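The following exercises are to be worked through with the sequence and the model at hand. Each task is followed by a solution in steps.

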Amino acid sequence: MSDTAPKQRPQYRNVSLPQILSYRMPLAAKSSILHRVSGALLFLCLPLVLLPLFSLSVSSPESFETLRSYVDNPVCKLILLVLIWGYLHHFCAGIRYLTLDLHLGNDKESAKKSAGLVFGVSLALTVVFGLKLFGVW
């Protein structure tokens with residue numbers, strides 16, 4: 001037997017929601033969480049929002065004009081903007097995960113840069129499509 005004292009074992013306690021929200025997560029973790037959130041958003045909105053809108057847009061010219069009158073509503077535009085962000089973030093983060101699966105950029109610094117790139121590209125594209133959606137050009 002050795003004379004060294006045993007190490008203190010870590011204690012895991014129940015974590016409350018305010019404690020979770022105060023954690024400082026790395027950028028890659030935030031990207032991962034938002035990838036899951038955007039995927040769930042798109043999956044849940046597919047039968048409820050996206051398919052009915054697509055069906056309405058291709059049925060007839062009159063139904064397309066009805067859809068255009070719905071989209072003129074600012075609340076509808078905000079909903080579409082959130083869905084556009086969800087798609088663009090999910091797409092960009094998916095490409096990031098495909099490169100990680102190829103063992104490219106697995107080190108800490110590269111993962112941080114690629115997560116930042118996902119946020120930058122997806123938000124920039126969302127701004128571009130949002131400006132088009134709100135009729136700036």
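A salt bridge is a side-chain nitrogen of Lys or Arg within 4 Å of a carboxyl oxygen of Asp or Glu. The model is predicted: local features need pLDDT of at least 70, side-chain atom pairs count only at pLDDT 80 or more, and totals for chains, interfaces and linings use all residues. Residues are numbered from 1 along each chain as its sequence is written, and side-chain values use heavy atoms, with hydrogens and water left out.

**Exercise 1. Find the salt bridge and describe its two partners.**

Step 1. The structure holds 1 salt bridge. Glutamate 65 forms this pair with arginine 68, and their closest N and O atoms are 3.9 Å apart. Side chains of opposite charge can pair when their charged atoms come close.

Step 2. Locate the partners along the chain. Because they are 3 residues apart in helix H3 (residues 61-71), glutamate 65 and arginine 68 are separated by about one helical turn. Helices (H or I, at least four residues) and strands (E, at least two) are DSSP runs, numbered from the N terminus.

Step 3. Classify the accessibility. Buried means under 20% relative accessible area, exposed over 50%, and partly exposed in between (1.4 Å probe, protein chains only). Glutamate 65 has 45% relative accessibility, so it counts as partly exposed. Arginine 68, at 48%, also counts as partly exposed.

**Exercise 2. Is lysine 77 buried or exposed, and which side chain of opposite charge is nearest to it?**

Step 1. Lysine 77 lies in helix H4 (residues 74-101). Its relative accessible area is 14%, and therefore it is buried.

Step 2. Search for a partner, with Lys and Arg counted as positive, Asp and Glu as negative, and His and the chain ends not counted. The nearest side chain of opposite charge is aspartate 72, 4.9 Å away, and lysine 77 has no salt bridge.

Step 3. List the contacts (heavy atoms within 4.5 Å). Leaving aside neighbours within four places in sequence, lysine 77 is in contact with Val71, Asp72, Leu133 and Phe134.

Step 4. Take a distance along the chain and in space. Lysine 77 and lysine 112 are 35 residues apart in sequence, and their C-alpha atoms are 32 Å apart.

**Exercise 3. Compare the surroundings of histidine 89 and histidine 90.**

Step 1. Histidine 89 is in helix H4, and histidine 90 lies in helix H4 too.

Step 2. With a relative accessible area of 0%, histidine 89 is buried. Histidine 90 is partly exposed, with a value of 27%.

Step 3. Neighbours within four places in sequence are again left aside. Histidine 89 is in contact with Ser31, Leu34, His35, Ser38, Val118, Phe119 and Ser122. Histidine 90 is in contact with His35, Ser38, Gly39 and Leu42.

Step 4. Consult the record. In an unreviewed entry, UniProt lists His90 for "binding site". Such annotations may be inferred rather than shown by experiment; the positions are given in the numbering used here, with feature names shortened.

**Exercise 4. Which residues form the nonpolar patch on the surface, and which helix supplies its largest share?**

Step 1. Apply the criteria. Patches are made of residues with over 30% relative accessible area and no salt bridge: like charges are joined within 9 Å, and nonpolar side chains (Val, Leu, Ile, Met, Phe, Trp, Tyr) within 5 Å. Accessible areas come from the Shrake-Rupley method with a 1.4 Å probe, and for residues only the protein chains shown count as cover.

Step 2. The patch consists of Val15, Leu17, Ile20, Leu21, Tyr23, Met25, Ile33 and Val37, which together have about 780 Å² of accessible area.

Step 3. Helix H1 (17-21) and helix H2 (27-59) each supply at least two residues. The largest share, 3 residues, comes from H1.

Step 4. Check one member. Valine 37 is in helix H2 and is partly exposed, at 44% relative accessible area.

**Exercise 5. Examine the loop between H4 and helix H5 (108-133).**

Step 1. Histidine 103 is placed in this loop. Although histidine 103 is not a glycine, it has a positive phi of about 65°. Its relative accessibility is 64%, so histidine 103 counts as exposed.

Step 2. Asparagine 106 is found in the loop between H4 and H5. At 46% relative accessibility, asparagine 106 counts as partly exposed.
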